[in-house]
Amino acid sequence: MNTRRVTYQHTIEYEVVGTSNLFHPQNWALLSAGRIEDARRFVVVDGNVEKHYSAAIRDYFACHHIDVKIVAFPGGEENKTMDQYQSIVRQLDAFPIRRRDEPIIAIGGGVLTDVVGFIAGSYRRGVPYIKVPTTLMGYVDASIGIKTGINFNGNKNRLGAFHAPQMVLLDKSFLKTLPRRHILNGVCEIIKLAVIKDAGLFHLLELHGAQSVDACFQDEQGSLILDRAIEGMLEELQPNLFEEDLARRVDFGHTFSYGLETRQEARLLHGEAVLLDILISTLIARARGLLSEEETSRIFRLSEALGITPDASLLDPGLLCESLDERTYHRNGLQRVPMPRGIGDCTFLNDIHADEIESAVKSLEDWITIKHEII
Ligand SMILES: NC(=O)c1ccc[n+]([C@@H]2O[C@H](COP(=O)([O-])OP(=O)(O)OC[C@H]3O[C@@H](n4cnc5c(N)ncnc54)[C@H](O)[C@@H]3O)[C@@H](O)[C@H]2O)c1
């Protein structure tokens, strides 16, 4: 037998850049990657964002003499589909971009940046792209990593790729027009990170979270919370960008939520499903002595103080067990469920049983529907 070994190393490098007034003609951030002479840009923008910024975006590119094609994309999980993928690729193909120096620009929430990221990762086997998150979910989570994807065959993110952006541009003023439900949706991911990684962030949320939610994170404390959340998220993502290590702290809240959001797509946003998972996991952790009564109460009180009310009618222990099985498969045969160990630290469990899930669901239903006290 004749064996030839091929090895190749590739460095992933991209910048996550804070900016403001993104579409001001003197702000070069959007054009700081790629060619600007005799250049084109293919821009995909969330429909709800386009309503507010359509003229500003067009003026921006006109002012810089860039030939631009702007495609409006309807946000929402129901649009994270192969149909939307194909529709955008067709428009991209009809407006060809140079393969290396005319990055696609994705401006929108996590759905849009996931879909457009997957397009960038697969079109001509990979072209550069820039992400501009406009939802809190995108700002603190979806935009800053390298995962892309679409839902397929009844499963979330079943098709996708790791494809790093060339740049991520963070302008928190987009959050001003985001409906409150979507602000809270993103807050759930911040709570996740605080519980398993950063006690200081948890404390900041306790002190200022409610006020920052009211201010759509435009206030000073809101900026602190966002910066700390992004810092923490990047600390977790960077050493494990391709998820070689399947035991990931940032998967806290992403075990039982998978089944919930798949079955309840019309009723539950991603972050809302994550919060239900966080609360179930918190109760399992308490039962195992990983969290004290006081720590458990703090997590529940925080969710209440921030005004995030989970919907108890969605809880179904059977579904949560199925979701755990599916995630075990996804995590290559071990549960690897991240669980809080005190607030700000984490351990991984591989032996969660159906009866623990059932009893956590019962306690959570009681908390939601009856007393708002943990039994
Ligand atoms: N790739 C990753 O690492 C990663 C991480 C977390 C979540 N996600 C994915 O993110 C998706 C959820 O993202 P999302 O919550 O941002 O949903 P989304 O993209 O559907 O946006 C939510 C809603 O907000 C609207 N919107 C967007 N920006 C707005 C603005 N500035 N003002 C007013 N309305 C605005 C959208 O039109 C949509 O109706 C899920 O599919 C999830 O799987 C991906």
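Begin by selecting the ligand: the shell around it draws residues from both domain 1 (15-176) and domain 2 (179-371), so the ligand lies between them. The domain bounds come from an automatic or database domain assignment. The model is a predicted one, in which local features need pLDDT of at least 70 and side-chain atom pairs count only at pLDDT 80 or more, whereas totals for chains, interfaces and linings use all residues. Residue numbers start from 1 along each chain as its sequence is written.

**The ligand shell**

Display next the 30 residues that surround the ligand; a residue is near a molecule if its C-beta atom, placed from the backbone, lies within 6 Å of it. The closest are Gly75, Gly109, Gly110, Val111 and Thr135. Colour the shell by class to find 8 nonpolar, 16 polar and 6 charged residues. Here Ala, Val, Leu, Ile, Met, Phe, Trp, Tyr, Cys and Pro count as nonpolar, Asp, Glu, Lys and Arg as charged, and the others, Gly among them, as polar. Helices H1 (47-63), H3 (110-122), H4 (136-142) and H5 (180-197) each supply at least two residues of this shell. Helices (H or I, at least four residues) and strands (E, at least two) are DSSP runs, numbered from the N terminus.

**Between the domains**

Select domain 1 and domain 2 as separate objects; their centres, taken over C-alpha atoms, are separated by 28 Å. In domain 1, 18 residues are in contact with 24 residues of domain 2, contact meaning that the C-beta atoms of two residues, placed from the backbone, lie within 7 Å. On the side of domain 1 that touches domain 2, the elements giving two or more residues are H4 and strand E7 (155-162). H4 gives the most to that side, with 5 residues. By class, the side of domain 1 that touches domain 2 has 9 nonpolar, 3 polar and 6 charged residues.

**H5 and its partners**

Move to H5 and add helix H6 (residues 199-214): the two pack at an angle of about 170 degrees, with their axes 10 Å apart. Axes are lines fitted to C-alpha atoms, for helices over the stretch in contact, and angles run from 0 to 180 degrees between N-to-C directions. H5 is therefore roughly antiparallel to H6, a term for angles over 145 degrees. Among the H5 residues that meet H6 are Ile183, Leu184 and Val187, while the H6 residues include Leu201 and Phe202. The contact of H5 with H6 comprises 12 nonpolar, no polar and no charged residues.

Now replace H6 with helix H9 (residues 270-287), whose axis comes within 7 Å of that of H5 and crosses it at roughly 35 degrees. Asn185, Gly186, Cys188, Glu189, Ile191, Lys192 and Val195 of H5 make the contact with His270, Gly271, Glu272, Val274, Leu275 and Ile278 of H9. These residues divide into 6 nonpolar, 4 polar and 3 charged.

**H2 against H3**

Finish with helix H2 (residues 82-93) and H3, whose axes come within 10 Å and cross at roughly 55 degrees. Gln84, Tyr85, Ile88, Val89 and Leu92 in H2 meet Val115, Val116, Phe118 and Ile119 in H3. The contact of H2 with H3 has 8 nonpolar residues, 1 polar and no charged.

Technical notes:
Angles under 35 degrees count as roughly parallel, over 145 as roughly antiparallel, 65 to 115 as roughly perpendicular and the rest as oblique.
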